[in-house]
Amino acid sequence: MSETKVEEKQNKKKSGKSRIISSIVLVLSLALLTYAIVMRVTGNTPQIFGYSFHVVVTDSMTPEINVGDFIVAKKEKAEEVKLGDYIVFKSLDPDPQINGKTIIHKVINITDEDGDGKREFTTQGIKQYAPVDEYKPTEIIGIYVGKSVFLGSVIVFLANWVNLAFIAVLIILLVVIIIFAKKAFRIFKEEKAAQTGGGQSGEQIEKEPDPLNTDPSKDEPPMSQDKDD
């Protein structure tokens, strides 16, 4: 086997593995995105392998974290929290518009006023002139580890039912277009193959001898005969 063929086989294997890995990553990303959207629409907090996912709805953490950003928080015990951490927690504010809402704020102080080992966190947004939170959380959802502006925009967009309906119609149209395109391409290939095959078979008929012909002299060209003067 030539080196060129060996290299071609190796390249095909590599490209095949790359396509498989890319497909797996794409499927997992779509699954995660779908899960996050469903949880957001239903009002639940999506959590996977100790990480929770949230979309920011206020500007109290600007300029570092903005409205619409998709943030990831790692689940940790309250004992692991340090000064300066950004923690995600449920608001204890009695205001019905805020109570129970998921908040991400910076820890500016940690106390144990009751002496029972239960830590209380004084938190505050980092936005200029943001007030210190009046109610101190003692339990957290997690500690902030990162964000994605793009995913946040996608989730906010898809969380709207009107947008979801538009995307669904768009996907259906795309599938229909792909199906018709595949059919048209297959018909084109079949017609091309038929034309190519017809030409080859005609050439073979002209070149190949008749297998049923038992007289080999018939296949030989006629000999010219010289006439005597």
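**Figure 1. The bridge between Y51 and K74 in the predicted model.** Y51 has K74 of β3 as its bridge partner. The model shown here and in the other views is predicted. The strands concerned are β2 (residues 51-55) and β3, which pair in the antiparallel sense over five bridges. A further pair between these strands is H54 and I71, with I71 being the partner in β3. Four of the five residues of β2 are buried, so β2 is largely enclosed by the rest of the structure. For β3 (residues 70-74), four of the five residues are buried, so the rest of the structure largely encloses this strand.

**Figure 2. The hairpin of β1 and β2.** Strands β1 and β2 run antiparallel and are joined by two bridges. I48 stands opposite Y51 of β2, and Q47 has S52 of β2 as its bridge partner. Two residues lie between the strands of this hairpin, and F49 takes a positive phi near 50°. Y51 also takes part in a bridge to β3, where its partner is K74.

**Figure 3. The junction of β3 and β7.** Strand β7 (residues 142-148) runs antiparallel to β3, and five bridges join the two. I71 has K147 as its bridge partner in β7. I71 is also the partner in β3 of H54. The view can thus be centred on I71, with K147 of β7 as one partner and H54 as another.

**Figure 4. The whole sheet and its place in the chain.** Seven strands form an open sheet in the order β1-β2-β3-β7-β4-β5-β6, with antiparallel pairing. The edge strands are β1 (47-48) and β6, each of which pairs on one side only. Strands of a sheet pair through backbone hydrogen bonds, either parallel or antiparallel. The protein chain has three helices and seven strands. From the N terminus on, its elements run α-β-β-β-β-β-β-β-α-α. In the sheet, β7 stands between β3 and β4. Of the 229 residues of the protein chain, 23% count as buried. Among contacts between residues at least 6 apart in sequence, 50% join residues at least 24 apart.

**Figure 5. The surroundings of T123 in strand β6.** T123 is found in β6 (residues 120-124), which is one of the edge strands of the sheet. T123 has a relative accessible area of 0%, which is why it counts as buried. Its side chain makes a polar contact with the side chain of D133, at 2.4 Å. Leaving aside neighbours within four places in sequence, T123 is in contact with I87, F89, H105, K106, V107, I108, V132, D133 and P137. D133 therefore appears in the view both as a contact of T123 and as its polar partner through the side chains, while T123 itself is buried.

**Figure 6. I103 in strand β5.** I103 lies in β5 (residues 102-111). Its relative accessibility is 19%, so I103 counts as buried, the cut-off being under 20%. I103 and K90 are 13 residues apart in sequence, and their C-alpha atoms are 6.0 Å apart in space. Leaving aside neighbours within four places in sequence, I103 is in contact with I87, V88, F89 and S91. I87 and F89 also appear among the contacts of T123.

**Figure 7. D85 in the loop between β3 and β4.** D85 is placed in the loop between β3 and β4 (86-90). With a relative accessible area of 15%, D85 is buried. A polar atom of the D85 side chain lies 2.8 Å from the backbone nitrogen of K82. Apart from neighbours within four places in sequence, the residues in contact with D85 are E80, H105, K106, V107 and I143. H105, K106 and V107 are also in contact with T123.

**Figure 8. A nonpolar patch that includes I20.** I20, I24 and L28 make a nonpolar surface patch of about 310 Å². I20 is placed in helix α1 (residues 3-42). I20 counts as exposed because its relative accessibility is 53%, the cut-off being over 50%. For the protein chain, the accessible surface comes to about 17400 Å², of which 59% belongs to carbon and sulfur atoms.

Terms used: Residues are numbered from 1 along each chain as its sequence is written. This is a predicted model: local features need pLDDT of at least 70, side-chain atom pairs count only at pLDDT 80 or more; totals for chains, interfaces and linings use all residues. Side-chain values use heavy atoms; hydrogens and water are left out. Buried means under 20% relative accessible area, exposed over 50%, partly exposed in between (1.4 Å probe, protein chains only). A polar contact is a pair of N or O atoms within 3.5 Å; within protein, one must be able to donate a hydrogen and the other to accept it, and residues adjacent in sequence count only if both atoms are side-chain atoms. Contact means heavy atoms within 4.5 Å. Accessible areas come from the Shrake-Rupley method with a 1.4 Å probe; for residues, only the protein chains shown count as cover. Patches are made of residues with over 30% relative accessible area and no salt bridge: like charges are joined within 9 Å, nonpolar side chains (Val, Leu, Ile, Met, Phe, Trp, Tyr) within 5 Å. A salt bridge is a side-chain nitrogen of Lys or Arg within 4 Å of a carboxyl oxygen of Asp or Glu. Two strands pair if DSSP finds at least two bridges between them.
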